[in-house]
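Welcome, and please open your viewer. We will go through this structure one selection at a time, with a short stop at each place.

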Amino acid sequence: MFFALTAAQEAALTATRDDAEVRAFVHAVEAAWDDEWLCETDKAWDAMHRCLGDGTLDIAYRDGGPLPLTVLGGRHHYEGEEYVVAHVLAADVVKVAEALRTVDETWLRDRYHRIDPDDYQGVLDDDDFEYTWSYLQDVRDFYQHAAAAGRSVIFTVDQ
């Protein structure tokens, strides 16, 4: 799940001191459930991150410009291994939004076919690609909207 944060929400997130406070913050944002400022991706986030990065779920990959920031990039606020809260700052949201404009179906399909099937929990096939492409278009629109509003973005997922 992606959420575009207000300045007050971002300040509250950066003020958290431990995993319990981070989880409480995310639960509060989720409870507000503001459709205008969230984007669901179901399980498509996995292939999406791999396609936009180096083909893996590596969160340290930074050599590919802003695209690897889209899903698992940015600052990670949760230290445990069972949950991810990846925070992309507003200035980087603008860069990600611009970079996502260049991603078309052909480019994504090429990257999708480079994913190592032994390292992927899903089935790499046309249906999974279409599923990933569909959600990526939603994420692209979401980043455009967040960038226009000057908002930062968090991505959250249970592992």
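The tour begins with the whole chain and then moves on to single residues.

**Stop 1: the whole chain**

Keep everything selected and show the chain as a cartoon. What you see is a predicted model. Colour by secondary structure, and you can count 6 helices and 5 strands in the protein chain. Starting from the N terminus, their order is β-α-α-β-α-β-β-α-α-α-β.

Now zoom out a little. Along its principal axes, the C-alpha trace spans about 40 × 30 × 30 Å. A compact globule of 159 residues would have a radius of gyration near 15 Å, and the protein chain agrees, because its value is 15 Å.

**Stop 2: surface and inside**

Switch on the surface. The protein chain exposes about 8000 Å², with carbon and sulfur atoms supplying 48% of that area. Hide the surface again to look inside: 44% of the 159 residues are buried. Contacts across the sequence are worth a look too. Of those between residues at least 6 apart in sequence, 73% join residues at least 24 apart.

Next, colour the charges. The chain has 13 positive and 33 negative charges, and the mean positions of these two groups are 5 Å apart.

**Stop 3: the aromatic rings**

Show the aromatic side chains as sticks. The whole structure holds 8 aromatic pairs. Select Phe 2 and Phe 142 to see one of them: this pair is tilted, with 5.9 Å from centre to centre and 50 degrees between the planes. How many residues apart are these two partners along the chain? They are 140 residues apart, with Phe 2 in strand S1 (residues 2-5) and Phe 142 in helix H6 (residues 126-148). Both Phe 2 and Phe 142 are buried.

Now select Trp 45 and Phe 155. Their ring centres are 5.6 Å apart and their planes meet at 50 degrees, so this pair is tilted. Here too, distant parts of the chain are linked: Trp 45 belongs to helix H3 (residues 44-52) and Phe 155 to strand S5 (residues 152-158), 110 residues apart. Trp 45 is buried, with a relative accessible area of 13%, and Phe 155 is buried with 1%.

Add Tyr 143 to your selection. Ring pairs link Phe 2, Trp 45, Phe 142, Tyr 143 and Phe 155 into a cluster.

**Stop 4: Tyr 112**

Move along to helix H5 (residues 105-112), where you will find Tyr 112. Is Tyr 112 buried or exposed? Tyr 112 is buried, with a relative accessible area of 1%. Leaving out its neighbours within four places in sequence, Tyr 112 is in contact with several residues, including Ala 47, Cys 51, Val 123, Leu 124 and Phe 129. Also select Met 48: its C-alpha lies 8.3 Å from that of Tyr 112, although 64 residues separate them in sequence.

**Stop 5: Ile 59**

For the last stop, select Ile 59 in the loop between H3 and strand S3 (75-76). Ile 59 is partly exposed, with a relative accessible area of 36%. Which residues does Ile 59 touch, not counting those up to four places away in sequence? Ile 59 touches Leu 72 and His 76. To finish, draw a distance from Ile 59 to Thr 106: they are 47 residues apart along the chain, and their C-alpha atoms are separated by 24 Å.

Technical notes
Residues are numbered from 1 along each chain as its sequence is written. This is a predicted model: local features need pLDDT of at least 70, side-chain atom pairs count only at pLDDT 80 or more; totals for chains, interfaces and linings use all residues. Side-chain values use heavy atoms; hydrogens and water are left out. Helices (H or I, at least four residues) and strands (E, at least two) are DSSP runs, numbered from the N terminus. The radius of gyration is taken over C-alpha atoms; the globule rule is 2.2 Å times the number of residues to the power 0.38. Buried means under 20% relative accessible area, exposed over 50%, partly exposed in between (1.4 Å probe, protein chains only). Contact means heavy atoms within 4.5 Å. Accessible areas come from the Shrake-Rupley method with a 1.4 Å probe; for residues, only the protein chains shown count as cover. Lys and Arg count as positive and Asp and Glu as negative; His and the chain ends are not counted. The place of a charge is taken as NZ of Lys, CZ of Arg, CG of Asp or CD of Glu. Rings of Phe, Tyr and Trp (its six-membered ring) pair if their centres lie within 6.5 Å; planes under 30 degrees apart count as stacked, over 60 as edge-to-face and the rest as tilted.
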